[in-house]
Amino acid sequence: MVEESSIGFWFKGYDYFLDQFNATKNNVLKRRLLFKKYYILRGEEATALFYDQERFSRHKATPKRFKKTLFGLNGVQGLDGEQHKARKQLFMHCMNVDSLNQLNTYFDEAWFEAVEDWKAKNTINYFDEMERILFKCACKWIGLPFTKKDIVNQVPRISRMISSAGKIGIQHWRGRSARKATENWVKSLIKNYRNKKKNSDTIFDHFIGYKNPKGKHLPDQIVAVEILNLLRPIVAVARYMTFNLKALEDYPSYKEKLRENYEEYGENFIQEVRRFYPFFPVISGRIRKNFEFKGHKFTKGQRVLLDLYATNHYAKLWKAPERFYPERFMNAQISPFNLIPQGGGDHYKNHRCAGEWITINLMKRNLYFLIYDINYTVKSKNLRIKKNQFPPLPANGIKISKITKLR
Ligand code: HEM
């Protein structure tokens with residue numbers, strides 16, 4: 001009998017499989033979730049296996065409920081082989097140094113504009129502000145025209161696509177309707193763009209003009225999904241920025257260390273925030289052909305989950321994993337398969353997150369600004385996160401007040 005784990009996973013969240021991996025001293029678990037059988041994997045070796053495209057496929061791997069909220073239908077996440085490689089190139093094309101620098105500049109501008117506003121306000125919700133800043137700089141970077149009304153309408157919808165992904169009932173349905181509304185907004189921008197027939201050198205133009213390996217343009221629906229595969233996760237970086245703030249509050253000694261030596265501590269701090277705090281719990285795949293691993297028979301069609309959180313909290317890879325300790329990255333051997341908050345493997349060939357460099361860059365700039373640019377007081381009292389919230393957010397976003405500029 002394979003154990004049904006849905007209720008346990010629901011109540012204990014990120015720690016549920018982590019505790020079972022630790023208790024059984026086994027990095028392969030066989031469980032049921034919503035009555036379907038899954039192998040659940042963790043660790044460096046298992047991650048390397050999971051990214052072996054001969055053995056694992058992404059086609060029909062992710063349940064529809066996540067596609068209808070978080071990812072969208074027929075996007076890059078569900079493609080395999082040559083089709084995936086070609087579509088992935090569409091994203092990686094925008095990840096060159098000049099383009100990333102451009103996004104950094106837009107982020108800085110939006111940050112400084114917002115700080116002027118905050119000085120006049122009593123209190124702000126830090127997460128909400130970061131989402132708006134990121135929406136603005138992402139739209140500029142992609143080349144999406146937007147109005148003040150679009151910020152008011154689209155930011156909460158994008159946020160809901162992310163927060164509803166792990167929800168059921170009414171919240172799930174609100175996530176679906178948010179996705180539909182934002183896809184429609186992007187589709188209307190595509191239509192306007194086509195009507196104007198104005199060629200430009202933007203990412204938006206590049207996505208609209210993209211032809212698949214068969215020489216065909218993508219339908220507008222899929223272009224909208226893929227544009228949202230840029231816009232949505234850039235807005236999601238607000239969650240990591242909120243964890244930056246939380247970590248500075250929970251481990252205040254690092255404020256001093258960062259002030260003294262940002263060059264050395266900045267990168268390590270960011271990496272530890274990404275390793276330590278929960279975001280994506282798992283990613284899913286399907287077995288392509290029969291094979292054996294660690295004495296388990298994996299059969300074609302079988303569902304598999306790679307546990308990202310449990311790998312980032314695996315004591316064999318990360319000593320004292322439940323300790324927030326940025327210094328661990330001073331000597332850490334980071335491989336493509338051990339630090340995997342944004343997936344593993346190769347950015348170009350595998351499904352590893354296309355926006356990992358963007359995430360790291362933006363988190364670093366945000367941390368720098370928190371240290372050197374503003375003074376603030378954290379007003380929220382309880383910054384604890386709920387491990388059964390997918391993904392969690394401390395204090396509904398953390399309220400800060402008494403914001404003054406340092407420079
Ligand atoms: C894929 C996490 C930010 C674009 C992924 C995956 C994870 C992830 C876990 C799946 C990897 C896999 O299936 O093997 C995150 C987290 C982020 C983040 C935690 C921080 C907020 C970004 C950003 C962008 C982005 C900023 C783009 C600007 C993508 C795309 C994929 C992806 C396009 C699909 C890649 C593929 O299927 O080949 N991300 N991501 N992500 N991410 Fe991110």
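**Notebook: loops, iron site and empty space**

I started at P391, which is found in the loop between β9 (374-378) and β10 (399-405). I note at the outset that this is a predicted model, so every entry below is a reading of computed coordinates.

I looked up the peptide bond that leads into P391 from F390 and found it to be cis. Omega for that bond is near -10°.

I stayed in the loop between β9 and β10, which also holds N396. The phi of N396 is positive, about 55°, although N396 is not a glycine. Is N396 buried or exposed? I have a relative accessible area of 64% for N396, and the cut-off for exposed is over 50%, so N396 is exposed.

I then turned to K294, another entry on backbone angles. K294 has phi near 55°, a positive value in a residue other than glycine. I placed K294 in the loop between β6 (291-293) and β7 (296-298). Its relative accessibility is 52%; because exposed means over 50%, K294 counts as exposed.

I went on to strand β10, where K402 has its place. K402 reaches 62% relative accessibility and therefore counts as exposed. I also took one distance from K402: its C-alpha atom and that of E272 are separated by 28 Å. Along the chain, K402 and E272 are 130 residues apart.

**Iron site**

Which protein atom is a donor to the iron atom of the ligand? I found a single donor from the protein, the SG atom of C353, 2.3 Å away from the iron. I located C353 in the loop between α14 (308-312) and α15 (356-372).

**Pocket**

I looked up the second largest pocket and noted about 320 Å³ of space in it. Its lining is made by 16 residues. Those that lie nearest its centre are S159, R160, S163, R239 and L393. Which helix gives the largest share of this lining? I have α8 down for that, with 4 residues. I also listed the helices that each supply at least two residues of the lining of the second largest pocket: α7 (126-142), α8 (148-163) and α9 (169-196).

**Cavities**

I keep one general remark here: rolling a probe the size of a water molecule over the atoms shows where empty space is left. How many cavities of 30 Å³ or more are there? I count 2 cavities of that volume or more. The largest cavity has about 120 Å³ of space. I noted 15 residues lining the largest cavity, and the closest to its centre are Q53, F56, R58, D80 and H351. In terms of elements, β3 (56-57) and α5 (81-92) each supply at least two residues of the lining of this cavity.

**Surface patch**

I closed with the surface. I7, W10, F11 and I168 form a nonpolar patch there. Together these residues have about 490 Å² of accessible area. I picked out I7 from the patch and placed I7 in helix α1 (residues 6-12). The relative accessibility of I7 is 62%, which means that I7 counts as exposed.

Terms used:
Residues are numbered from 1 along each chain as its sequence is written. This is a predicted model: local features need pLDDT of at least 70, side-chain atom pairs count only at pLDDT 80 or more; totals for chains, interfaces and linings use all residues. Side-chain values use heavy atoms; hydrogens and water are left out. Patches are made of residues with over 30% relative accessible area and no salt bridge: like charges are joined within 9 Å, nonpolar side chains (Val, Leu, Ile, Met, Phe, Trp, Tyr) within 5 Å. Accessible areas come from the Shrake-Rupley method with a 1.4 Å probe; for residues, only the protein chains shown count as cover. A salt bridge is a side-chain nitrogen of Lys or Arg within 4 Å of a carboxyl oxygen of Asp or Glu. Buried means under 20% relative accessible area, exposed over 50%, partly exposed in between (1.4 Å probe, protein chains only). Donors are N, O and S atoms within 2.8 Å of the metal (3.2 Å for Na, K and Ca); water is not among the atoms, so sites may look incomplete. On a 1 Å grid over the protein atoms alone, a cavity is a set of points where a 1.4 Å probe fits but cannot get out, and a pocket is an open set with protein on both sides within 12 Å along at least five of seven lines; lining residues have an atom within 4 Å of a point. Grid points are joined across faces, edges and corners, and a volume is the space filled by probe spheres set on the points.
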